[in-house]
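Trainee: I have a model open and want to test the labels people put on contacts. Can we go through them one at a time?

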Amino acid sequence: MCLNKKRSQMFQNLTISKTRQMLLNKEISVKELVTYYLKNIETKNKDINAYLEVFDNILSEAEKMDEDKERLDGRPLFGVPLAIKDNILIKGKNCSAGSKMLEKYMASYDATVIKKLKDAGAILIGRTNMDEFAMGASTENSAYGITKNPHDTTRVAGGSSGGSAAAVAMGGCLAALGSDTGGSIRQPASFCGVVGLNPTYGSVSRSGLIAMASSFDQIGPITGNTEDAEIIFNVIKGKDTLDSTSKDASLKEDKNKTGKKFRIGVLKYDKNGVDGDVNEKIEESIEIFKKFGYEISEVDLPNAKYAVPCYYVLVPAEISSNLARFDGVRYGLLKEGKNLMEDYMTTRAAGFGTEVKRRIMLGAYVLSSGYYDDYYLKAQQIRALIKNDFQKTFDLSAGGVDLVVSPVSPSAAFKIGERTNDPLKMYLEDIFTAPAKMAGLPAISIPSYRSRSQMLRDSSQPVLPIGIQLIAPRWGEKLLFDVGKKYESFSRGS
Amino acid sequence: MEIEKLANLSRINLSLEEKEKIQKEFEAILAYISILKRADLGDLNKDFFETEMLNVVREDEGAHKAEEYTEELIELVSSHRPGDFFTKDGYVKVKHVFE
């Protein structure tokens, strides 16, 4: 089945709401919708490598959905084609976390978020590429090839959820799920010109997410617009008995801004350490917020400068623990040696890539006696200080703000291969995204506004998207969505 | 800090080249994270670091029916291992642990 050009145009720049409306009015069918995305995948994925696998039988699944009389009732994502990051388990499907270690691993259960998406009527198209075990900021650490940026294929899509962000940006799905530990949803969203939400720690169940760092990991949506992120977040969130770090927001915690003037704090940062383009976007965004009547001030997080070194102590420590399960015994790759110990050592040498090995060993180091106090314990204490900095910043009774604005990354998407020889350079990508994770805060990356004259100026060369980051207090997702939607409608209006 | 020792702790065989490369990278990474050692925690007392976090536990019973997942999980192992050494009677089998 194919779509003629005129009909194809109906599917461009769809939102979940518009899709729902069109399905309800029978203007389009689920099958046509899925066909449209499959066609884009067919043309673009060979080069971009956003998808590692497109699932079989999705067209017949779509047909069944079209025959379903109950259809949209009570299913907020009915017929919505989604891409899923390769570290979220879907029962009966391959799940490899971008690693050779799990090349043949078949998930034996659905992640809780997957159950929720299925109940909401979503159609899962395939699994997307990622940095191996979510370690990286460019998707260059995948064991299955890099993912290119759809805006400029000489550049990276970002990471570690590069495949999910690229899939949305290239029109390969309506929306996607990614995971964020130190920026892995927000940074690729920024690089690919899409929206990426890192939710409040504990708001979305981690059951069925292949664990990297358990006190940081969160699953979140990557979408074409803020409202879609809100819709998907509302489907996947919620306390889960299978994840004891999850909970529902209490009434007291549910942030809902009423009355007083909205206050935005612009994060104080070293403008010399950041590309001119990024600084320009932050300044423009401040002007836009002023137009909305928001009160703007500068905020300083004095301990945020320790966020990246802190991150690279705490996260490798948790990684060394979480990846100990990959030993060739119950699942995954096995390379046999002469005895059990050699089985472990040979299997893990063969199954893990360089960055993974590096981080496991770094974790072993900071946890070992003699170093534990200096590194791990200190980092935990500094984590508490960073959390405290944010608490003070958001304390409205003491001159605080409602949201913090900052860059997502020091630059737009960098060239493929530019940072692969220097692990530290890659780690510094997390400079703006790591602080919120230290405090378990929700943060969203939204494509920054571009004026008509800017678009004309740049028409002779590929345009590189730049995202801006909004950070809210814990459980403050609604604030992120409200401001994000307002910013977007301003962007669209001009 | 011996890379060899860390590799053993991590249960990862490293080639000579890998060892040399990681040694160099580690020096740079450790120099970077050492900024934490110099960070001044100020006058904060122990109370500041007390956490509001609680352990969430359940009763040690009724998680699921006995052997509910055994067949499926054993199949996962046996289908990806050579021969039939690695599973037996609903158990996963390994080489001997003690010498």
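Trainee: How many residue pairs are in polar contact between chain A and chain B?

Mentor: The count is 13, with both residues at pLDDT 80 or more. Keep in mind that this is a predicted model.

Trainee: Which helices of chain A supply the side that touches chain B?

Mentor: α10 (307-322), α11 (340-351), α12 (354-367), α13 (373-393) and α14 (423-427) of chain A each supply at least two residues. The largest share, nine residues, comes from α13(A).

Trainee: How many residues does each chain bring to the contact?

Mentor: Chain A brings 53 residues and chain B brings 45 residues. The area buried between the two chains is about 4,500 Å². Carbon and sulfur atoms give 71% of that area.

Trainee: How many salt bridges are there between chain A and chain B?

Mentor: Five. Over all chains, the structure holds 27.

Trainee: What makes B:Glu72 and A:Lys91 a salt bridge?

Mentor: Their N to O distance is 3.8 Å. The cut-off is 4 Å between a Lys or Arg side-chain nitrogen and an Asp or Glu carboxyl oxygen, so the pair qualifies.

Trainee: Which residues are linked in a network of salt bridges?

Mentor: A:Glu355, A:Arg358, A:Arg359, B:Lys21 and B:Glu25.

Trainee: Why is the pair A:Asp243 and A:Arg206 said to tie parts of the chain together?

Mentor: Start with the bridge: the closest N and O atoms are 3.7 Å apart. A:Asp243 lies in the loop between α8 (226-236) and β9 (263-267) of chain A. A:Arg206 lies in the loop between β7 (195-198) and β8 (218-223) of chain A. These parts are 37 residues apart in sequence, so the pair ties them together.

Trainee: Are those two buried or exposed?

Mentor: A:Asp243 has a relative accessible area of 5%, and A:Arg206 has 15%. Buried means under 20%, so A:Asp243 is buried, and so A:Arg206 is buried.

Trainee: What does A:Arg419 do besides sitting over the ring of A:Phe414?

Mentor: A:Arg419 forms a salt bridge with A:Glu429, the closest N and O atoms being 2.7 Å apart. Both A:Glu429 and A:Arg419 are buried. A:Glu429 lies in the loop between α14 and α15 (434-438) of chain A. A:Arg419 lies in the loop between β11 (403-407) and α14 of chain A, so the bridge ties together parts ten residues apart in sequence. As for the ring, the charged end of A:Arg419 is 4.1 Å from the centre of A:Phe414.

Trainee: Which arginine lies over the face of A:Phe216?

Mentor: A:Arg383, at 4.0 Å from the ring centre.

Trainee: What separates A:Asp482 and A:Lys478 along helix α17 of chain A?

Mentor: About one helical turn, because they are four residues apart in that helix. Their side chains meet in a salt bridge at 3.1 Å, N to O.

Trainee: Why is A:Asp482 called partly exposed?

Mentor: Its relative accessibility is 33%. Partly exposed falls between 20% and 50%, so the label fits. A:Lys478, with 35%, is also partly exposed.

Trainee: Now the rings. How many aromatic pairs are there over all chains?

Mentor: The count comes to 25.

Trainee: Why is the pair A:Phe289 and A:Tyr487 called tilted?

Mentor: The centres are 5.7 Å apart and the planes are at 40°. Pairing needs centres within 6.5 Å; under 30 degrees is stacked and over 60 is edge-to-face, so this pair is tilted.

Trainee: Where do the two rings sit?

Mentor: A:Phe289 is in helix α9 (residues 276-291) of chain A, and A:Tyr487 is in helix α17 (residues 477-493) of chain A. The pair links distant parts of the chain, 198 residues apart. Both residues are buried. They belong to a cluster that ring pairs link, including A:Phe262, A:Phe292 and A:Phe490.

Trainee: How do you know that A:Asp430 is buried?

Mentor: Its relative accessible area is 9%, and the limit is 20%, so A:Asp430 counts as buried. A:Asp430 is found in the loop between α14 and α15 of chain A. Residues touching A:Asp430 include A:Gly182, A:Val308 and A:Tyr311.

Methods: Residues are numbered from 1 along each chain as its sequence is written. Chains are lettered from A and ligands numbered from 1 in the order in which they are written. This is a predicted model: local features need pLDDT of at least 70, side-chain atom pairs count only at pLDDT 80 or more; totals for chains, interfaces and linings use all residues. Side-chain values use heavy atoms; hydrogens and water are left out. Rings of Phe, Tyr and Trp (its six-membered ring) pair if their centres lie within 6.5 Å; planes under 30 degrees apart count as stacked, over 60 as edge-to-face and the rest as tilted. Buried means under 20% relative accessible area, exposed over 50%, partly exposed in between (1.4 Å probe, protein chains only). A charge sits over a ring if NZ of Lys or CZ of Arg is within 6 Å of the ring centre and within 35 degrees of the ring normal. Contact means heavy atoms within 4.5 Å. Buried area is the accessible area (1.4 Å probe) that two parts lose on being put together, summed over both. A polar contact is a pair of N or O atoms within 3.5 Å; within protein, one must be able to donate a hydrogen and the other to accept it, and residues adjacent in sequence count only if both atoms are side-chain atoms. Lists of a residue's contacts leave out its neighbours within four places in sequence.
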